[in-house]
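Reader: I am in my first year and would like to learn how to look closely at one part of a protein model. Could you take me through a single part slowly, and then show me what lies around it?

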Amino acid sequence: MFRNVAELVELAESQNKKISDIMIEQEVKVTNRTKEEVLAQMERNLKVMEEAVERGLAGVKSHSGLTGGDAVLLQKYIATGKSLSGDLLLDAVSKAVATNEVNAAMGTICATPTAGSAGVVPGTLFAVQNKLNPSREEKIRFLFTSGAFGFVVANNASISGAAGGCQAEVGSASGMAAAAIVEMAGGTPSQCAEAMAITLKNMLGLVCDPVAGLVEVPCVKRNAMGAANAMVAADMALAGITSRIPCDEVIDAMYKIGQTMPVALRETAMGGLAATPTGRELEAKIFGFSLDKKS
Amino acid sequence: MKYKSVFDIIGPVMIGPSSSHTAGAARIGKMARELFGREPEWATISFYGSFAKTYKGHGTDVAIIGGIMDFETDDERIIQAREIAREKRIRIKIREEEALTDHPNTARIRLGDQNGEMELVGISIGGGKIEITELNGFALRLTGHHPAILVVHEDRFGAVAAVSKVLAENKINIGSMDVSRQDVGKMALMTIEVDEPVEDIVLEKLKMLPEVTQVTKIAD
């Protein structure tokens, strides 16, 4: 079993394998199942992701009314041909948003690694597939590669917003996605690790401050930016840029930052955006109480 | 390592919006249901920390109620769990607690019927993964690094031997075993951490033992 990113990369490169190979082999060993069974389970998860994106792109609205419809707006904007940051990037962003809008509407999603951050991995996958034309198996592999990096973060740091802030959720998801994009684009295992490190470095310190405690504001837009961050970091790693701080040390830094983060900024809806005048007003409106009573 | 499978990370498939506060909560509820062994007539759910502050927004309450009715994390009936519980005449009480707990996502579930009661404390550690930390006042000292099973049994001679014999016959090595009881001759509890995953057929064999009341896998 690999315990950190360095071991994961070493395992892959010493045997001339991909990160996804190592993750699949480990899963087979740990759960005592065949490779076919493990791949089939991941394909079911892939299907859930495809259905969620499709539903989100058709337009959804959450029960609170706070989120929904932004994925549709972005797709319409892309279609005008006027996008500044590029169609592929915005496609990833819109699909990340689509997934998270479905999640906010209590729809069915696949947590990657969590529900609040479920948009980033599928969003980027379903965008880059249009450029890279992967086979069905390569799409499934994308999820194993993301899973391998998420596995290290979950065991060595945290993937819980209540424990480590949004950096542990959308931060982890973005790093996972960046690494998987690199593998799908033909990069090396080391480049996957560099992409993860570059992404996570730019998510450090991100707090979890959901308005009214709902996984909507700012979660949906954080998934959008998480997808964008992953795409850019993947390109940087593929260009040969490396992170001066090794990936495992970035993960460790994320963990320590999470531990010192005030409780008000760890999924309690007590600080940050949740505590802004508008955040409080929305909360009062949704739950039907007066603001004077709350304070 | 607390997370052992890639499907702990890419998964679970679930009803939104939160893996820790919705899917994890549903799993804590389902664990309580499995340990109780039947549908309860009433349940009192106490939320602590982040659970207490945000359960309404995350659907933590409906998820845990759904779990108590044996729903999986991806069961769409979770959304209507309160109405379904009402139709089934299960009395539900939700409490928001102020007390500080070790983990921010903590829930205590008391449930029961005319034949008995049970109390369980669970924590949701992220990505839908949960740990049971307390059962009927017994603190469960699990490392979380190995598969674990929980055996509720009668406190009498031979119970520990019978359980370990079944595990040995199935080539399952016991890493650690914790035995505790409420009172001499009353209900007792074995928390067993093992080295190999425990298959359902082994659980069934344990359930057949005359001394054993209930067996549940609490960690994979």
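Reader: In what order do the strands of the open sheet in chain B stand, and what is the sense of their pairing?

Author: Before anything else, please keep in mind that this is a predicted model, so that every value below is computed from predicted coordinates. The open sheet you ask about has 6 strands of chain B, and their order across the sheet is β3-β2-β4-β5-β6-β7, with mixed pairing. The two edges are taken by β3 (91-96) and β7 (138-139) of chain B, and because each of these has a single partner strand, one side of each is left without a neighbour in the sheet.

Let us look closely at β5(B), which in that order stands between β4 and β6. On one side, β5(B) is joined by 8 bridges to strand β4 (residues 105-113) of chain B, and these two strands run antiparallel. You can find one of the bridges by looking for B:L111, whose partner in β5(B) is B:M118. The connection between β4(B) and β5(B) is a hairpin, and 2 residues lead through it from the one strand to the other.

On its other side, β5(B) runs antiparallel to strand β6 (residues 129-135) of chain B, and here 6 bridges join the pair. Two positions will help you to follow this pairing by eye: B:I123 stands opposite B:E131 in β6(B), and B:L120 has B:L135 of β6(B) as its bridge partner. A hairpin links these strands as well, again with 2 residues between them, and in this hairpin B:G127 takes a positive phi near 65°. As you trace the side chains along such a pairing, it is useful to recall that in a regular strand they alternate between the two faces of the sheet.

How covered is β5(B) by its surroundings? Of its 11 residues, 8 are buried, and the strand is therefore described as mostly covered.

The strand also takes part in the contact with the other chain. That contact takes 38 residues from chain B and 46 residues from chain A. On the side of chain B, β1 (13-15), α1 (19-36), α2 (49-58) and β5 (116-126) each supply at least two residues, while the largest share, 6 residues, comes from α2(B). Sorted by class, this side of chain B has 16 nonpolar, 16 polar and 6 charged residues. Strand pairing crosses between the chains too, since strand β1 (residues 108-110) of chain A and β1(B) pair in the antiparallel sense over 3 bridges, and within β1(B) the residue B:I15 stands opposite A:T108.

Now step back to the domains of chain B. The domain assignment gives domain 1 (1-139) and domain 2 (145-220), and the C-alpha centres of the two lie 23 Å apart. Where they meet, the contact takes 10 residues from domain 1 and 8 residues from domain 2. On the domain 1 side, α1 and β6 of chain B each supply at least two residues, and α1(B) gives the most, with 3 residues. By class, this side of domain 1 has 6 nonpolar, 1 polar and 3 charged residues.

For a comparison with a single residue elsewhere in chain B, take B:A188, which lies in strand β10 (residues 187-194). B:A188 counts as buried because 22 other C-beta atoms lie within 10 Å, and the cut-off for that word is 20 or more. Leaving aside its neighbours within four places in sequence, B:A188 is in contact with B:H153, B:E154, B:D155, B:V179, B:S180 and B:R181. Its C-alpha atom and that of B:V121 are separated by 17 Å, and the two residues are 67 residues apart along the chain.

Finally, consider chain B as a whole, whose secondary structure comes to 6 helices and 11 strands. Its C-alpha trace spans about 50 × 40 × 30 Å along the principal axes, and 49% of its 220 residues count as buried. With 220 residues, a compact globule would have a radius of gyration near 17 Å, and the 17 Å of chain B agrees with this. Among the contacts between residues at least 6 apart in sequence, 70% join residues at least 24 apart.

Key
Residues numbered from 1 in each chain as written. Chains lettered and ligands numbered in written order. Predicted model: local features only at pLDDT ≥ 70, side-chain atom pairs only at ≥ 80, totals over all residues. Helix = DSSP H or I, 4+ residues; strand = E, 2+ residues; numbered from the N terminus. Rg over C-alpha atoms; globule rule 2.2 N^0.38 Å. Buried ≥ 20, exposed ≤ 12 C-beta atoms within 10 Å, placed from the backbone. Contact = placed C-beta atoms within 7 Å. Nonpolar A, V, L, I, M, F, W, Y, C, P; charged D, E, K, R; others polar. Pairing = 2+ DSSP bridges. Domains from an automatic or database assignment.
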